[in-house]
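I opened the file to look up a few things for my notes. The entries below follow the order in which I checked them.

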Amino acid sequence: MNRLKPTNVTRGAFHYSGKHHNGGGAMKTRLEKLENNVQIIQTDLAVVKTDLAVVKTDLAVVKTDLAVVISDLAVVKTSYATKDDISALKDDICAIKVDISALKDDSCAIKVDISDAKTRIILWVVSAVFLAQLLPPFIRTLTP
């Protein structure tokens, strides 16, 4: 960058390479804008600091929640069924199936026994009614 040297210095006015710059008014306006921008930057920086504090607090909460989740996951992992547990469960199911089969067989036997009992009861009732009807006349004929 070429540095321009003042060629003529007069009251408040500088001439750089033939251009006239007024150092008073324009500089004051630019300085006011600069001060205003610095103030806005400071306000924005304060907001960013506040937001950062909130983010740090939220991050601490997330870390705590994550620790709880990891702890719960460890509990869940210990609660999983192992291959031995599943094998034992299959054996138990097979035993239950055998027991159910035996109960079905017993049920069939009971049905047969009930059917036989019904038949015997019906024969007994029919025999009793038959004898009740025939026995009195037969006794009368035998007795003089």
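**The bend in H2**

I am working with a predicted model. I looked along H2 and found a bend of about 30 degrees at Leu-135. A proline, Pro-136, follows within four residues. I noted that helix H2 covers residues 83-142, with Leu-135 in it.

Next I checked the span of H2. It has 60 residues, so at 1.5 Å a residue it should span 88 Å. I got 85 Å between its end C-alpha atoms, which agrees.

**The patch around Leu-135**

Is Leu-135 buried or exposed? I found it partly exposed, because its relative accessible area is 41%, between the 20% and 50% cut-offs. I then looked up the surface around it. Leu-135 belongs to a nonpolar surface patch of about 710 Å². The other members are Phe-130, Leu-131, Leu-134, Phe-138, Ile-139 and Leu-142.

**Cysteines**

I looked up Cys-94 and Cys-108 next. How many disulfides are there? I counted zero, taking a pair of cysteine sulfur atoms within 2.5 Å as a disulfide. Cys-94 is partly exposed, at 47% relative accessible area. Cys-108 also counts as partly exposed, at 46% relative accessibility.

**Whole protein**

I listed the secondary structure last. The protein has two helices and three strands. From the N terminus on, I read the elements as β-β-β-α-α.

How much of the protein is buried? Buried residues make up 1% of the 144 residues. I put the exposed area at about 13400 Å². Carbon and sulfur atoms supply 66% of that area.

Terms used. Residues are numbered from 1 along each chain as its sequence is written. This is a predicted model: local features need pLDDT of at least 70, side-chain atom pairs count only at pLDDT 80 or more; totals for chains, interfaces and linings use all residues. Side-chain values use heavy atoms; hydrogens and water are left out. Patches are made of residues with over 30% relative accessible area and no salt bridge: like charges are joined within 9 Å, nonpolar side chains (Val, Leu, Ile, Met, Phe, Trp, Tyr) within 5 Å. Accessible areas come from the Shrake-Rupley method with a 1.4 Å probe; for residues, only the protein chains shown count as cover. A salt bridge is a side-chain nitrogen of Lys or Arg within 4 Å of a carboxyl oxygen of Asp or Glu. Buried means under 20% relative accessible area, exposed over 50%, partly exposed in between (1.4 Å probe, protein chains only). The expected span of a helix is 1.5 Å times one less than its number of residues. The bend at a residue is the angle between axes fitted to the seven residues ending there and the seven starting there.
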